[in-house]
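Reader: I would like to learn how to read helix packing, cores and loops from a set of coordinates. Please take one feature at a time.

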Amino acid sequence: MALRLSKEILAHNCVIKRCSLGFYLSSVIQRATLISNQDAELVVSGRSIYSSVSSISYEQHLNSSTQNFCTAVHPEKLCWEGSSHAAMLKRLEVALKEHQVNEVWESFIDFKRLHGFPEGFLIHKLITELCYSSDPYWLQKACDLVLVNLRERSDLLQSDMLTKLSLSLARSQMPKPAMMILRLMLEKRNLPPMNVLCLVVLHLVKTEIGTHLASNFLIQICDHFQSLRAKKSDHAKLLQPDTMIFNLVLDACVRFKLALKGQQIMELMSATGVAADAHSIVIIARIHELNGQREEIKNYKCYIDQVSAPFVQQYRQFYDSLLSLHFKFDDVVAASELILQMCDDRKSLPIQRDKKNSQRSYLVPIGSHNLESGLNMQIVPELLQKDSVLKLEGKQELVMYLNGKLVLSNRALAKLITRYKKDGDTSELSKLLHKIQKELFSFRGSRLGNDVIHACIQLGWLETAHDILDDMEAAETPTGYSTFMSLLTAYYKGKLVPEAKALLKQMRKAGLLVSLSDEMVASTCLSVVDTSACCTSASSSTRKSDLANALVQESRDEEEIPSRVSDLVNALVQETRDEKEEISSRVYQFNSSINFFCKAKMIDDALKTYKRMQELKIYPTELTFTYMIKAYSSLGMFRNITFLWGDMKRNMENGNLVVSRDLYEYLLLDFLRGGYFERVMEVISYMKKHGMFADKWMYRSEFEKLHKNLYRNLKASEARTDAQRKRLEFVQAFRKYVGID
């Protein structure tokens, strides 16, 4: 009896242990499965609300997420924790207090499975705790949790918590989820303060995708602001963007060469009444330069010319951009006038001005002065934001700042020389060089004329070098002995005897080589083709020996000259190459005309100009199509845009046109507005083909605003015509693309 009882007890204990072990193993497996399933549930929920959230696979972090699971068997404790609301809640609170992120998430998943969401303050603490992590995995979890709460308990989403999350995501270079959070806040009209929003944008615009998202978000803010302002809502002031956020986005557009998007943002800056400071003006000038808009940038010049001396360095980039546009339009006269004006004006500028006048604002038209209606940009040329986080990375291609003044670079000199040489107007070049040298407007100072002559000689432009030498003598500008000898030697080396004799005669008038015959000079020059020959040559003539010594010295000088002028020579060579690849100045002129007609709503004249380009075999550029598309869009003429799209495709196929992502996006949105879904999917396919980023949230938002219920319940079998059936297919394809159920 005792033996049988003992066996039953042992069997009972074994069953208990087996059941306990089985329950624990089942619980562990279930917990891992639940965490994984919960992750998937959060991501799926997020997709159902905003498809732009990209999930991070749990498997990548499986080891780190499960490393805290205990392998020992404690069935009583597990059973108690699994059934006790208070114990599980305490476990979550302790994990939050100790900042154990893995334990926090596991505790939350366990609690959520049995009891639903914990109280709001714990959700707030949980998301905040995840925000402090630098691990993208946990930041994504926080983002997914926000989406689930948006669906189930939107009252828990507090502004400060969402602000922290968006900033953490942006700082970790996760622009898509960061932008999703900001867009949620914008929908609730509860944006962070502008100074905080600027910090988020500062991190976003470090990458090109972040810049695309930040610029589109700024457009949304402006649209909301203008809508509320039209309704005279008090809330409009809270949504009005400031100068700093515009500067950050515009500067990023310049850095990533997003010229079209920069133009759109700039026009919105004017439309929302945000004043442009000194930083803004410089960035706007760069955008106009990228877009080849010379007339627009010239509108600012009269105000920039008046700034006080401390702001001269700030506006160096402005003059660089304007000078660049003069060269792009092949207007060397305007370029020379600008250079001479910079030489003259800066001498008379006051060092200090009245503070009241320094903060004076002006209105500058965006576009031609001849437009009756148009936008005006409010500018304050001598205003700089305090504690600005913006650091402009201005290029120094044509105009440099040196020793407290603006000076021309080698690149600018090279452009001047090649343009004047091409026009055969060396005398004007000489006058300009004389003026620049006199005012020390070049970093070469008083050596400018001689250096230009030496550079021309090295490139074999002997006629140009001689013409400049003649003009310098006529202007009584000092010319070095080595310059004469360098040109004379080059003539004899090139067997240009008549030119050499003419120069020798000129030198004798200047008191050089008076006692030597032409034959002696020629033979000596030819005998010193290389320096070693000069050094070893013997001569019976003392005078000839003196000339040989002079030429030896000249050869030595020529070894030093390249170190001083080689950069100018290289700039001239590079400019000569670039001229062959540059866009024709006629293209800029045609585009300028088309832009004017489009802004003036003179679409027929714009179309005539466009057709004239085609007749002259001048290929339209991306800007040409952009101006036309924006004009048609503003007039609601979306069908005409489809014709332009056909022209664009033909030009792309022939290799005559390269289209940027921004223009594709313009087309996509315009085709959406016009209901041309086949064209929409065509544009999307081109963007996919070129690996371009697509802001699906924006496209989805535009679709829901205009076509929310389009073909929602219509089936293909119910379509009345083939055209309707085909259109239904494209609508469904678009819905699927942007994640609409």
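Reader: Which hand does the crossing have where H8 passes H9?

Author: The model is a predicted one. In it, H8 crosses H9 in the left-handed sense. The helices span residues 159-171 for H8 and 175-187 for H9, and their axes are 8 Å apart at an angle of about 155°. Angles over 145 degrees count as roughly antiparallel, so H8 is roughly antiparallel to H9.

Reader: Which residues of H8 and H9 meet?

Author: From H8 come Ser159, Leu162, Thr163, Leu165, Ser166, Leu169 and Ala170, and from H9 come Pro177, Ala178, Ile181, Leu182 and Met185. By class, this contact holds 9 nonpolar residues, 3 polar and no charged.

Reader: What is Ile181 in contact with, leaving aside its neighbours within four places in sequence?

Author: The contacts of Ile181 are Cys143, Val146, Leu162, Leu165, Ser166 and Leu169. Of these, Leu162, Leu165, Ser166 and Leu169 also appear on the H8 side of the helix pair. Ile181 is also one of the residues with the most contacts inside the largest nonpolar core, together with Tyr315 and Leu323.

Reader: How many residues does the largest nonpolar core have, and what lies apart from it?

Author: The largest nonpolar core has 153 residues. Apart from that core lies another, of 53 residues, including Leu623, Phe625, Phe677 and Ile684.

Reader: How should I read a second helix pair, H22 and H23, and at what angle do their axes cross?

Author: Read the distance and the angle, then the hand, then the residues. The axes of H22 (residues 448-458) and H23 (residues 462-474) come within 8 Å and cross at roughly 160°. H22 and H23 are therefore roughly antiparallel to each other, and their crossing is left-handed. On the H22 side are Gly449, Asn450, Val452, Ile453, Cys456 and Ile457, which meet Leu462, Thr464, Ala465, Ile468, Leu469 and Met472 of H23. The residues of this contact comprise 9 nonpolar, 3 polar and no charged.

Reader: Are H32 and H34 roughly parallel or roughly antiparallel?

Author: H32 covers residues 638-653 and H34 covers residues 677-689; they pack at about 30°, with axes 12 Å apart. Angles under 35 degrees count as roughly parallel, so H32 is roughly parallel to H34. The crossing of H32 with H34 is left-handed. H32 contributes Thr642, Trp645, Lys649 and Met652, while H34 contributes Arg679, Glu682, Val683 and Tyr686. The division here is 4 nonpolar, 1 polar and 3 charged.

Reader: Turning to single residues, is Thr624 buried or exposed?

Author: Compare the relative accessible area with the cut-off: under 20% means buried. Thr624 has a relative accessible area of 1%, so Thr624 is buried. Its place is in helix H31, residues 622-634. Not counting residues up to four places away in sequence, Thr624 touches Asn591, Ile594, Tyr610 and Met613.

Reader: Where does Lys601 lie, and what does Lys601 contact beyond its neighbours within four places in sequence?

Author: Lys601 sits in the loop between H29 (585-599) and H30 (603-615). With a relative accessible area of 48%, Lys601 is partly exposed. Beyond those neighbours, Lys601 is in contact with Ser634 and Leu635. Lys601 and Leu635 are 34 residues apart along the chain, and their C-alpha atoms are separated by 8.2 Å.

Reader: What does the backbone show at Asp330 and at Tyr711?

Author: The feature to look for is the sign of phi. Asp330 has phi near 55°, a positive value in a residue other than glycine. Tyr711, also not a glycine, has a positive phi of about 55°. Asp330 is in the loop between H17 (316-328) and H18 (332-345), and its relative accessibility of 34% makes it partly exposed. Tyr711 is in the loop between H35 (696-707) and H36 (722-738). At 18% relative accessibility, Tyr711 counts as buried.

Reader: Finally, how many helices and strands does the chain have?

Author: The chain has 36 helices and 4 strands. Of its 741 residues, 51% are buried. Among contacts with a separation of 6 or more, 71% are between residues 24 or more positions apart.

How values were computed
Residues are numbered from 1 along each chain as its sequence is written. This is a predicted model: local features need pLDDT of at least 70, side-chain atom pairs count only at pLDDT 80 or more; totals for chains, interfaces and linings use all residues. Side-chain values use heavy atoms; hydrogens and water are left out. A nonpolar core is a set of buried Ala, Val, Leu, Ile, Met, Phe, Trp, Tyr and Cys residues joined through side-chain atoms within 4.5 Å. Buried means under 20% relative accessible area, exposed over 50%, partly exposed in between (1.4 Å probe, protein chains only). Contact means heavy atoms within 4.5 Å. Axes are lines fitted to C-alpha atoms, for helices over the stretch in contact, and angles run from 0 to 180 degrees between N-to-C directions. Helices (H or I, at least four residues) and strands (E, at least two) are DSSP runs, numbered from the N terminus. Angles under 35 degrees count as roughly parallel, over 145 as roughly antiparallel, 65 to 115 as roughly perpendicular and the rest as oblique. A crossing is left-handed if the near helix is turned anticlockwise from the far one by less than a right angle, and right-handed if clockwise. Ala, Val, Leu, Ile, Met, Phe, Trp, Tyr, Cys and Pro count as nonpolar, Asp, Glu, Lys and Arg as charged, and the others, Gly among them, as polar.
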